Protein chains: 2
Amino acid sequence: MLARTLLCPASARPGTLCLRCLFITSIMSNTNAPTVKKDGPGRLASVYSELQTSRLNVSLPLLSVLKKTFNVVDGAPSSASGNPEEIKKLFPKLFGQPSARLVECDPKACSMENKSLKIGVVLSGGQAPGGHNVISGIFDYLQERTNGSKLYGFKGGPAGIMKCKYVELSTEYIYPYRNQGGFDMICSGRDKIETPEQFKQAEETAKKLDLDGLVVIGGDDSNTNACLLAENFRSKDMKTRVIGCPKTIDGDLKCKEVPTSFGFDTACKIFSEMIGNVMTDARSTGKYYHFVRLMGRAASHITLECALQTHPNITIIGEEHFALMKVAAKKQTLKNVTDYITDIICKRSEAGYNYGVILIPEGLIDFIPEVQQLIAELNEILAHDGVDQDGAWKKKLKSQSQELFELFPKAIQEQLLLERDPHGNVQVAKIETEKMLIQMVETELNKMKQKGAYKGQFNGQSHFFGYEGRCGLPTNFDANYCYALGYAAAALLHAGKTGLISSVGNLGEPVEEWTVGGTALTSLMDVERRHGKFKPVIKKAMVELEGIPFKTFASLREDWTIKNLYVSPGPIQFVGPNANDINHTLKLELGPPAQAKLNK
Amino acid sequence: MLARTLLCPASARPGTLCLRCLFITSIMSNTNAPTVKKDGPGRLASVYSELQTSRLNVSLPLLSVLKKTFNVVDGAPSSASGNPEEIKKLFPKLFGQPSARLVECDPKACSMENKSLKIGVVLSGGQAPGGHNVISGIFDYLQERTNGSKLYGFKGGPAGIMKCKYVELSTEYIYPYRNQGGFDMICSGRDKIETPEQFKQAEETAKKLDLDGLVVIGGDDSNTNACLLAENFRSKDMKTRVIGCPKTIDGDLKCKEVPTSFGFDTACKIFSEMIGNVMTDARSTGKYYHFVRLMGRAASHITLECALQTHPNITIIGEEHFALMKVAAKKQTLKNVTDYITDIICKRSEAGYNYGVILIPEGLIDFIPEVQQLIAELNEILAHDGVDQDGAWKKKLKSQSQELFELFPKAIQEQLLLERDPHGNVQVAKIETEKMLIQMVETELNKMKQKGAYKGQFNGQSHFFGYEGRCGLPTNFDANYCYALGYAAAALLHAGKTGLISSVGNLGEPVEEWTVGGTALTSLMDVERRHGKFKPVIKKAMVELEGIPFKTFASLREDWTIKNLYVSPGPIQFVGPNANDINHTLKLELGPPAQAKLNK
């Protein structure tokens, strides 16, 4: 603590303590740190647990380069992830701009202006542990590296920008949220800034608040949106710059320069704690098959990571399943998943085990073409004619869809018909895939039992782990990573950069040696054709079947199938030998040298 | 570590290291303690996480009295919890026997014989974190305080006793399970030793293994069974003694001498971690009502404890609800629960909050007489006539039950009809009360909306936290408590005691100052009339509406209803400032002096 207190001001204003250090020092000097109770502008009348309080008072390690004087240095010009010509047309001002890196420099050679900045920050989309630390990082940068700057937090996501609903963030306001989970400091929302009117509203807000910059903390969609905003502000010759930050527990926003999205580490560790517990339970009772559905809509990264952490008997990876099905040109793909599971259950039963743990990605159903087809037909029928009680409407389904619908258990049929989003569409997310699979597997096993091909007992237990993991206390990794992302985002705005995504690299090294910079958002983009127009998108990073995490999993899973090699990672620890471990996916992607260092 | 190593042998065999210390020392000396991989007789081919490994190598503090020479000293004669005459008839040999205490004595005055013992141990019923440490405690006692003793672990619960399925436990066998969750060392089961034939089988096993004693680790039923076994062995003049240990995450096996059952502390902390996360999520998104059902069949202790830890907006305590209903002589009790929830949701909506967290005990439905009535009628109908597709069977229900049945959502109706236990009875445990309440509340709110009495948006999310909490790594408290329970159980057997339940007290003090002894199981008993006969039962300890935990909750909950005073306890920590905290229920029951000491 002392070291940090002395280091920090030495870099910015030698001989004095910065606001943060003053604040932290004052809190730390109160050794009997009591439960925090805030009735102030921040967390409304929150009462803190001892662990929350202790986390509040943990200082965040700052990257070595961020402790020194630095310049923001440009790299080589960039292109796009795909269709560069189209991206160029969509982003005429920003296309091709180089990525940037923060590089230590002699104080005399520093080109960062000593000026005050007005910055806005917004949280967009679903929660991910660490979001508050991104905001803390931005705030601390402004406090330590600029004079008289202001930070506005837009409330309730992008809608806050459009409606100019904001709060000015202060040390007192931010303090209770340091190292805490959730997005409740300023809350989040799922609105998008899309229409010309909405862009106009954003412009008005930017002008009204005289914003020099805006930090958009979000996933692939939100970062695409951030880039469109940046392009728009630039094209209007406005001074407002926009920087994105990679957020999503799903782990599907990543590339070479952005090794991971924040929140993934914490969420996977929380889910793995629960999975490990359920595994021990399965082995102890010896009579349950636990079907665990894991949050993560499009990609199966969470499921893969949890599998690497816990060694379940069966793991369904959506991307693999889809690839296999494509090769085999099979249609009855849902049946194939069921058969795959049933087959292993039979083998385990022969080996004497009538229990097990099965991981299923939330997005599984999205990977199954026949289900997509059924849902498309259902949406059509529901939108036009509706359904009658007698079931005559079913005749409007194509025969394959009708068969599939009848295959589903009653509860799933009801969900398909009843649960619809505000646009009237079937909500795939509400489908309890784990229960559906339990019932389908049970039906199959009963058939086999009658034929004498299965002699075991099957008892399915369903779980969905999702909300529990989105808002946990961020792990040390997520806490540090987010703080660096925020600090870097502010530095990039300070240097006048726009249309970049905050990028923290070299994650295989100790925090002090991490690198920071920004990557051109346009370089992550491709186009998709929607309603006859090209729309820019940051393609979701799916599980790479040729990537090291999947290959590692694939090389081990056979062993996990029959043997019970369960691992119970236990609850996340903040101090102790494994408190700074990073998740397996990232460790494997960083490669052997980084792994070796991390394991030291 | 060193202190423990030196202290331990000094008490038993001065100048030498006991087996345990030798073993632990050899492990600790390997500072780079690797991942444990056991393919041996114990945990089959398990791979351990770093946290599991680190927990494995944590030494357990021994109570001061257990480090010294002690005698087992009798207290005053005991009676029964109710109907002492009937209990006396049922336990002619054991009734009235005194409780016992381990009291330090001069080595010369020690009356504990230096002999070898053959002891059996069995895990009975559902898992609870810490069970393995009870076994470790028994084992270590035998190693340290007796010579050449043997410990047999009966496999798969009481059935293991009847079938004489056992394993001889060794240092190597036990080691991988120290401080680990689950019951997988010897597994558990739900069989009971009830019929004369079954008692005969137990006798045969006791004779075959030449058992001096048996430790039964279980809940209220299993401890009743333990006492019946003890009485039976005694009446046959067999040397086998029986000692019980209080196990259940439900927390409903406790009395003055047995302040808590093990596993409750860990399970509640795991559930509270999840609830805290879900609360942060609720506040961050601002649009979900999370209905959380918590494991714990009969009593609502878990729900009460989790409420005290996390401060939800609404908490249903089954015992209170039932008491209120009795006073009001109301029949439509399920409707009352719905109305209570709906009312608060409306008030919160007016205050601007369309989100919240609601805790529901698993056993809620058991407290509702009209539901019990319906289930009784359904069991009757299902057993005799079955149900027809057209629903004509419903006419056999009494009108109130018919109304109630129609009130239920379809999915619940199906569960009531389809999910039955091996005896053909409706399985109340399978009823997803949280989903049922969501649907009933939603229906009610829609009605109110039409009348203009409710203007909010309602989005229910359901959770069931159960299996995730039964097998977690035991907290420091449960780890230490269980070790002491096991050590004491072995000491009681060594002193020739039978029909006692291992009792560790003074829990408000540091571990060293805890007291140990045994309480006469007959003193916890009452009788129940079943099939025209008196049956002994240890009455489940329900939530006392006049007890301090409930009163504390009742005095605070009003404040939690509208304000959002959520607390997020976060993941269980094994080191750090709050690692040794005990749960609120126990802390409150121990009273202010203990609380003050614990808070220091």
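A salt bridge is taken here as a side-chain nitrogen of Lys or Arg within 4 Å of a carboxyl oxygen of Asp or Glu. By this rule, Arg470(A) forms a salt bridge with Asp281(B), and the closest N and O atoms are 2.7 Å apart. The model is a predicted one, in which local features need pLDDT of at least 70 and side-chain atom pairs count only at pLDDT 80 or more, while totals for chains, interfaces and linings use all residues. Residues are numbered from 1 along each chain as its sequence is written, chains are lettered from A and ligands numbered from 1 in the order in which they are written, and side-chain values use heavy atoms, with hydrogens and water left out.

The pair Arg470(A) and Asp281(B) is a good way into the meeting of the two chains. Between chain B and chain A, six salt bridges are counted. Contact (heavy atoms within 4.5 Å) brings together 61 residues of chain B and 61 residues of chain A. The two chains bury about 4,900 Å² between them, with 51% of it on carbon and sulfur atoms; buried area is the accessible area (1.4 Å probe) that two parts lose on being put together, summed over both. Of the area that chain B buries against chain A, 13% is supplied by Ser284(B), Tyr467(B) and Glu468(B), more than by any other three residues. Since 100% of the interface residues of chain B are also interface residues in chain A, the copies meet through the same surface.

How are the two copies placed relative to one another? Two copies of a chain are related by a rotation about an axis and a shift along it. Here, a turn of 180 degrees and a shift of 0.0 Å along the axis lay chain B on chain A with an RMSD of 0.1 Å, the superposition being by least squares on the C-alpha atoms of residues with pLDDT of at least 70 in both. The two copies are thus related as by a two-fold rotation axis. In chain B, the C-alpha nearest this axis belongs to Pro571(B), 2.7 Å from it.

Within a single chain, the secondary structure of chain A comes to 23 helices and 18 strands; these are DSSP runs (helices H or I, at least four residues; strands E, at least two), numbered from the N terminus. Of the 600 residues of chain A, 61% count as buried, where buried means under 20% relative accessible area, exposed over 50%, and partly exposed in between (1.4 Å probe, protein chains only). Among contacts in chain A between residues at least 6 apart in sequence, 77% join residues at least 24 apart.

Chain A is divided into domain 1 (57-100 + 117-263 + 472-538) and domain 2 (267-369 + 432-469 + 547-571 + 578-590), with bounds from an automatic or database domain assignment. The centres of the two domains, taken over C-alpha atoms, are separated by 35 Å. In chain A, 15 residues of domain 1 are in contact with 18 residues of domain 2, and the two domains bury about 1,300 Å² between them, 59% of it on carbon and sulfur atoms. One salt bridge is found across this domain interface.

Which position carries a "binding site" feature? UniProt, in an unreviewed entry, places this feature at Asp220(A); such annotations may be inferred rather than shown by experiment, positions are given in the numbering used here, and feature names are shortened. Asp220(A) lies in helix 10 (residues 220-235) of chain A and, at 10% relative accessibility, counts as buried. Leaving out residues up to four places away in sequence, Asp220(A) touches Leu253(A), Ile538(A) and Lys540(A). Lys540(A) is also one of the contacts of Asp252(A), among them Ser261(A) and His301(A). Asp252(A) sits in the loop between strand 10 (241-246) and helix 11 (264-285) of chain A, and is buried at 2% relative accessibility.

Over all chains, the whole structure holds 62 salt bridges. In one of them, the side chains of Lys447(A) and Glu444(A) meet at 3.8 Å, N to O. These two residues are three apart in helix 18 (residues 433-451) of chain A, and so are separated by about one helical turn. Lys447(A) is partly exposed at 44% relative accessible area, whereas Glu444(A) is buried at 16%. In chain B, Glu203(B) and Lys236(B) form a salt bridge at 2.6 Å, N to O. This pair links distant parts of the chain, 33 residues apart, with Glu203(B) in helix 9 (residues 196-208) and Lys236(B) in the loop between helix 10 (220-235) and strand 10 (241-246).
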